[in-house]
Amino acid sequence: MRIRGEAERKGITSVEDVFVTSGVSETVDLCLSALLNPGDNLLTPSPDYPLYSAVLAKLGIELNTYA
């Protein structure tokens with residue numbers, strides 16, 4: 001009920017608009033995997049969050065950093 005109440009408070013009315021994971025790492029991995037394809041170019045901050053570079057390596061995407 002807590003997730004549903006918070007979603008409704010934010011104006012989210014469809015269960016299809018809610019995505020629940022067990023943690024931030026899982027969320028980052030799932031989202032990047034869903035949105036990126038091998039050969040895509042994604043900019044990440046430098047120094048990077050190690051999870052970003054790990055997921056990008058898993059997907060075969062080169063790490064492109066900016067300062």
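**Legends to views of a predicted protein chain**

Among contacts in the protein chain between residues at least 6 apart in sequence, those that join residues at least 24 apart make up 19%. The model shown in every panel is predicted.

**View 1. Overall layout of the protein chain, with 3 helices and 2 strands.** From the N terminus on, the order of the elements is α-α-β-α-β. The radius of gyration of the protein chain is 15 Å, whereas the globule rule gives 11 Å for 67 residues; the first value is well over the second, so the chain is more spread out than a compact globule. Taken along the principal axes, the box filled by the C-alpha atoms is roughly 40 × 25 × 20 Å. Of the 67 residues, 15% count as buried.

**View 2. Surface and charges of the protein chain, with about 5,300 Å² exposed.** Carbon and sulfur atoms supply 56% of this exposed area. The charged side chains comprise 5 positive and 9 negative ones. Between the centres of these two sets the separation is 12 Å.

**View 3. Surroundings of T44 in strand 1.** Strand 1 covers residues 42-45. T44 has a relative accessibility of 3% and counts as buried, because the cut-off for that class is under 20%. Leaving aside residues up to four places away in sequence, T44 touches Y52, L56, L63, N64, T65 and Y66. Of these partners, Y52 and L56 fall within helix 3, residues 50-59. L63, N64, T65 and Y66 are the partners in strand 2, residues 63-66. The view of T44 therefore takes in contacts from strand 1 to both of these later elements.

**View 4. The cis peptide bond from S46 to P47.** Omega of this bond is near 0°. P47 lies in the loop that links strand 1 to helix 3, the latter spanning 50-59.

**View 5. The aromatic pair of Y49 and Y52.** The count of aromatic pairs comes to 1. Y49 and Y52 form this pair, with 5.3 Å from centre to centre and 75° between the planes, in an edge-to-face arrangement. The angle is over 60 degrees, which means that the pair is classed as edge-to-face. Y49 is partly exposed, at 41% relative accessible area. For Y52 the relative accessible area is 30%, and this residue is partly exposed as well. Y52 is also one of the residues that T44 touches.

**View 6. L30 in helix 2 and its contacts.** Helix 2 runs over residues 24-35. L30 counts as partly exposed, with a relative accessibility of 38%. When residues up to four places away in sequence are not counted, L30 touches F19 and T21. V20 is 10 residues from L30 along the chain, and the C-alpha atoms of the two are separated by 11 Å.

**View 7. T21 in the loop between helix 1 and helix 2.** Relative accessibility of T21 is 24%, and T21 counts as partly exposed. This value is not under 20%, so T21 does not count as buried. Residues up to four places away in sequence aside, T21 touches E26, T27 and L30. The contact with L30 joins the loop to helix 2. T21 and L56 are 35 residues apart in sequence, and their C-alpha atoms are 20 Å apart in space.

**View 8. G11, also in the loop between helix 1 and helix 2.** Helix 1 covers 2-9. G11 has a relative accessible area of 54% and is exposed. From the C-alpha of G11 to that of T44 is 31 Å in space, with their positions 33 residues apart in sequence. G11 is thus shown as an exposed loop residue, whereas T44 is buried.

**View 9. E62 in the loop between helix 3 and strand 2.** Strand 2 covers 63-66. E62 is exposed, at 59% relative accessible area. L43 is 19 residues from E62 along the chain, and the C-alpha atoms of these two residues are separated by 9.5 Å.

Note on methods
Residues are numbered from 1 along each chain as its sequence is written. This is a predicted model: local features need pLDDT of at least 70, side-chain atom pairs count only at pLDDT 80 or more; totals for chains, interfaces and linings use all residues. Side-chain values use heavy atoms; hydrogens and water are left out. Helices (H or I, at least four residues) and strands (E, at least two) are DSSP runs, numbered from the N terminus. The radius of gyration is taken over C-alpha atoms; the globule rule is 2.2 Å times the number of residues to the power 0.38. Buried means under 20% relative accessible area, exposed over 50%, partly exposed in between (1.4 Å probe, protein chains only). Contact means heavy atoms within 4.5 Å. Accessible areas come from the Shrake-Rupley method with a 1.4 Å probe; for residues, only the protein chains shown count as cover. Lys and Arg count as positive and Asp and Glu as negative; His and the chain ends are not counted. The place of a charge is taken as NZ of Lys, CZ of Arg, CG of Asp or CD of Glu. Rings of Phe, Tyr and Trp (its six-membered ring) pair if their centres lie within 6.5 Å; planes under 30 degrees apart count as stacked, over 60 as edge-to-face and the rest as tilted.
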